[in-house]
Amino acid sequence: MFHRRRATMAAFLLPAIVVYGMFTLYPLVRGVYLSMTDSLGGPIANFVGTDQYRAMADDPKVTAALWHTVLYAAVVVVTQNGLGLLFASLLFRRPKVRKGLSVVLLTPALISPVMAAFIWSYLFAPTGGINALLDAVGLHSLEHVWLGDTSTALYSVAAVNIWMFTGYSCAIFLASYMSMPTELLEAAALDGASGWRRFASIEWPLLAPALTVNVTLSLIGSLKVFEFPLVLTNGGPAGATDTLTLLVYRNVFGGGKFAYGVALSVVLLVTVVVLSSATSSLLRLRERRI
Amino acid sequence: MTTDISTPPLAPRSDAPAGRPSPHPLRRLGGGLGTVLLCLGTLLFVLPFLFTIATSLRTAADVARSPLGIPHSLTLKNFTDAFSQIHYGRSTLNTLLITGLSCVAITVFGSLASYPLARITQHWSTAVYRLFILGTSIPVFVVVAPLYLLMRDLNLLDSYAGVVFIYTALYLPVAVFFYTSFIRSIPVDLEEAASLDGCGAFRTFFTIILPLLRPVTSTMLTFVALQVWNDLVVPLVFLQDPDKRTVMVNAYSFIDPHTVQPTTLFPAALLGVLPLLLIFVFLQRQVVAGMSAGAVKS
């Protein structure tokens with residue numbers, strides 16, 4: 001009787017497996033194959049082996065995009081989680097304002113990346129909000145063409161990403177703070193440990209699992225960023241904000257270099273999988289050591 | 001309320017009991033500095049919103065004169081302009097339809113699949129589970145090109161069904177992750193009792209497991225609905241027909257942020273967020289009501 005029950009249970013998997021297999025796993029495998037052809041998206045495709053990948057190695061646009069993607073991710077992961085942690089630890093010590101302010105910090109995460117990019121494209125504009133603000137407080141020298149200068153464009157785009165998701169990181173850290181064993185914190189307070197010492201020797205180790213989750217999530221999220229650079233700069237100025245996703249999109253749907261775009265998407269996959277699994281296993285290892 | 005117990009010894013209190021070594025002035029300075037930092041930081045995060053709302057209500061000439069100035073006269077004209085420019089009514093309905101159908105499919109398929117994945121402990125089920133979890137880190141860009149060919153071959157380009165299938169496949173891993181870990185935390189006793197009473201897998205799932213999944217469903221759906229509603233990539237690539245486009249696609253393709261006024265940009269941005277906020281206010285009540293109803297019954 002129990003055997004038949006288990007067979008019925010296994011049948012529950014069918015709809016999910018069909019949809020997931022057909023619209024994620026199959027395209028994934030087919031993509032890897034297509035990246036080794038000269039396909040233009042039509043019915044004719046000749047197998048060309050690693051030609052596309054070899055062409056990539058000679059393409060300065062690709063190396064630049066790969067570098068921008070990794071740099072962008074590094075800036076976002078460090079800043080977003082650093083700020084999130086700072087806000088969480090400040091909020092944890094102020095129970096009266098904790099709930100209200102954490103909701104306020106989360107609001108940017110509710111809107112869409114397109115809408116966030118709309119708002120910030122005006123704030124960053126030469127005569128926009130930020131420069132007007134700097135002007136109003138007398139800091140003319142700091143005024144800048146934020147998105148039009150190759151040295152600041154990528155960081156400006158990253159700032160929008162950080163603005164959107166710092167509240168999210170903060171919420172995860174705060175949840176971890178709230179689950180800390182009360183006795184331990186009380187004992188530390190009785191021993192006179194305060195401020196930085198309490199943070200470094202008690203809170204920081206206890207936050208390790210939250211750090212793993214936060215870093216992994218923000219890393220994957222920032223490596224696959226698309227809307228922010230698309231709307232804010234469309235890869236410019238002079239390709240300074242070109243990311244892997246933008247190159248995939250442009251090659252597949254505009255440039256008539258279909259297979260090349262697919263090969264770029266395989267590079268994106270490898271980047272995401274290698275970086276995220278390396279980071280999360282390093283952080284897990286660290287959790288166990290603490 | 002463990003929070004209330006944990007807080008008193010931590011908060012720097014001016015009336016701290018005597019006898020405890022307290023480096024008072026310095027610590028209070030640190031605490032004060034932290035509060036200032038917190039207030040400034042929070043302000044920095046909400047300021048763009050307040051600025052967006054304020055600017056949306058001003059006339060273009062007024063904003064051009066002084067971008068940061070106090071509004072002289074308020075107008076709703078920007079909103080009505082943006083409303084027609086991005087075909088707001090139609091595109092909101094489209095987005096609502098796509099988000100709703102995707103959420104239903106993700107919930108149904110995800111909860112069904114998670115039950116055997118949580119309860120059957122064999123090599124093949126662990127492998128299937130891993131395969132699903134793999135999907136949480138696959139960016140849509142990795143599959144976008146082959147997916148386009150597949151949709152073309154299946155005649156699903158430009159159809160709601162195609163987009164809903166893509167979102168379902170994309171977020172099933174998230175649902176499987178949520179549901180499987182939740183079902184694993186439910187004691188198996190109830191199901192065994194039901195099976196002794198003659199309940200098959202179907203009846204057990206629908207009468208015992210499904211009702212218990214309510215709270216985790218609302219959490220999961222909040223996340224998924226946000227992602228689907230706010231997404232640009234999938235509808236941009238797979239829906240070409242202007243009548244089927246979503247709010248984000250219309251906003252993106254009709255408004256160029258580099259040439260237009262903030263008084264066109266900002267109302268469009270706010271209109272894009274509005275339905276989602278309304279739905280959440282509505283959903284939150286439902287969620288609270290459902291949870292308290294369950295608590296009363298047990």
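Begin at the second largest pocket of this predicted model, which has a volume of about 990 Å³. To find its centre, select A:W120, A:I130, A:L133, B:L44 and B:P48, the residues that lie nearest to that point among the 37 that line the pocket.

Next, colour the helices that build the wall. Five helices each supply at least two lining residues: from chain A, α4 (60–92), α6 (113–123), α7 (129–136) and α8 (153–178), and from chain B, α2 (24–56). Which helix gives the largest share of the lining? Select α2(B), which contributes 11 residues. Colouring the lining by residue character then shows 29 nonpolar residues, seven polar residues and one charged residue.

From the pocket wall, proceed to A:Y72, which is found in helix α4 of chain A. Is A:Y72 buried or exposed? Its relative accessible area is 1%, and because the limit for a buried residue is under 20%, A:Y72 counts as buried. Now display its surroundings. Beyond its neighbours within four places in sequence, A:Y72 is in contact with A:L154, A:V157, A:A158, A:N161, A:S222, A:V225 and A:F228. For a distance across the chain, pick the C-alpha atoms of A:Y72 and A:V273: these two residues stand 201 residues apart along the chain, and the atoms are separated by 17 Å.

The next stop is a place where the two chains meet. Select helix α2 (residues 14–34) of chain A together with helix α8 (residues 160–184) of chain B; their axes come within 9 Å and cross at roughly 110 degrees. The helices α2(A) and α8(B) are therefore roughly perpendicular to each other. To see the contact itself, show A:A16, A:V19, A:Y20, A:F23 and A:T24 on α2(A), which meet B:F165, B:T168, B:A169, B:L170, B:L172 and B:P173 on α8(B). Of the residues in this contact, nine are nonpolar, two are polar and none is charged.

Finally, zoom out to the whole of chain A. A cartoon view displays 14 helices and zero strands. Along the principal axes, the C-alpha atoms of chain A fill a box of roughly 75 × 75 × 30 Å. How much of chain A is made up of buried residues? Of its 290 residues, 53% are buried. A contact map completes the tour: among contacts in chain A between residues at least 6 apart in sequence, 68% join residues at least 24 apart.

Note on methods. Residues numbered from 1 in each chain as written. Chains lettered and ligands numbered in written order. Predicted model: local features only at pLDDT ≥ 70, side-chain atom pairs only at ≥ 80, totals over all residues. Heavy atoms only, no water. Axes fitted to C-alpha atoms, helices over the stretch in contact; angles between N-to-C directions. Helix = DSSP H or I, 4+ residues; strand = E, 2+ residues; numbered from the N terminus. Parallel < 35°, antiparallel > 145°, perpendicular 65-115°, else oblique. Contact = heavy atoms within 4.5 Å. Nonpolar A, V, L, I, M, F, W, Y, C, P; charged D, E, K, R; others polar. 1 Å grid on protein atoms, 1.4 Å probe; cavity = no way out; pocket = protein on both sides within 12 Å on 5 of 7 lines; lining within 4 Å. Points joined across faces, edges and corners; volume = space filled by probe spheres on them. Buried < 20%, exposed > 50% of the residue type's maximum accessible area, 1.4 Å probe, protein only.
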